[in-house]
Amino acid sequence: MEESRRERLIEVHGAAARFYRRELLRDKHASARQHLESAGVRELLDPGSHWSVGYAPDSRARLTNHLRSRGFDLATVRDAGLCLLDADGRTVDRFRNQLMLPARNYRLQITGFVGVREGDKSPYYTATLDTLIHTRSSSLLGLAEQLDLLDGEATPILVNDPMDALAIERLSRLSGGRWVGIPLCNMPLSGQQATMLGVRTLTDTVVVLVTDRRQARRILSECLPELAGSFRRVQAVELPSDQTPAVLAQAPDGLQRLHDALLLTRPLSDYQSHRRERSRGASPTAVSIEDQPGPCL
């Protein structure tokens, strides 16, 4: 019974992904469509694009009504995390007026979504909550769309913003398939995600994009132990915060500059320096990270 329930939840996510894709392609005025055009990734609006990027319309329950018209009962839509009850007890779509990216499990089945909306200073992300088939720590974005590059021994580049991942993929396809961009959307990489990526990757190296030493040291503590279990070399590449891959990809010489930057990597562990704590109550062998300027590339 549980297995059939899982299969039904996989099916409803596939139907939702097709709905979101259709909405993106048909709504010429969707904010998400305009965002893709302004970000320089208009190719995602091609019906033949291998990225299943979509759009959740700004409507109370258009997805829910669509899925019910396709034979999915309300309990299935709710159990999939695609709808919820509002304060008045009405069923409403969970994702509204957002760019939609499918999250896939280790079998590359769609089990959830991450919605992206532009904020005042940075993107705002909404993710599918935990369900019978989905946890955010056991799914990845962008893996299925770049399998051909990974099969050619491309190196994964971990970034936060999906637009940066798309810029890296675009560069890679123009320059011999050297890299793939994997967006994390404000989540530290889990051990399960590192394993998923490691299994699909032929190279023994993964690269983390960082924008300053503070971020690098946070990533070091959050992700290095997980990545080290699946990759022999964990490298870092540093870009200024105002020169992200997405920004560089639109500059006249930006792709060349991004290409050159991605070739200049160093061990992520270089961002950590040690000192012995001698203060009261601290162990003589305890270590911490110095609050000193980190290395630059």
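The second largest cavity is lined by Trp51, Leu101, Pro102, Leu141, Gly142 and Glu145. I should state at once that we are looking at a predicted model. This cavity encloses about 30 Å³ of space, and its lining divides into four nonpolar residues, one polar and one charged.

In total, the structure holds two cavities of 30 Å³ or more. What is the volume of the largest cavity? The value is about 100 Å³. Ten names appear on its lining, and I shall read them in sequence order: Ala103, Val114, Arg136, Ser139, Leu140, Leu141, Pro183, Leu184, Met187 and Gln193. By class, seven of these are nonpolar, two are polar and one is charged. Please note Leu141, which lines the largest cavity and also the second largest.

I now turn to the sheet. Five strands form an open sheet in the order 8-7-9-10-11, and their pairing is mixed. Strand 8, residues 179–183, and strand 11, residues 266–267, stand at the edges; each has a single partner strand, so one side of each is left without a neighbour in the sheet. In general, strands of a sheet pair through backbone hydrogen bonds, either parallel or antiparallel. Strand 10, residues 233–238, runs antiparallel to strand 11, and two bridges join them. Which residue of strand 11 stands opposite Gln235? That residue is Pro267.

Finally, the helix that meets this sheet. Helix 10, residues 254–263, lies across strand 7 (155–159), strand 8 and strand 10. Relative to strand 8, helix 10 runs at about 90°.

Terms used
Residues numbered from 1 in each chain as written. Predicted model: local features only at pLDDT ≥ 70, side-chain atom pairs only at ≥ 80, totals over all residues. Heavy atoms only, no water. 1 Å grid on protein atoms, 1.4 Å probe; cavity = no way out; pocket = protein on both sides within 12 Å on 5 of 7 lines; lining within 4 Å. Points joined across faces, edges and corners; volume = space filled by probe spheres on them. Nonpolar A, V, L, I, M, F, W, Y, C, P; charged D, E, K, R; others polar. Pairing = 2+ DSSP bridges. Helix = DSSP H or I, 4+ residues; strand = E, 2+ residues; numbered from the N terminus. Contact = heavy atoms within 4.5 Å. Axes fitted to C-alpha atoms, helices over the stretch in contact; angles between N-to-C directions.
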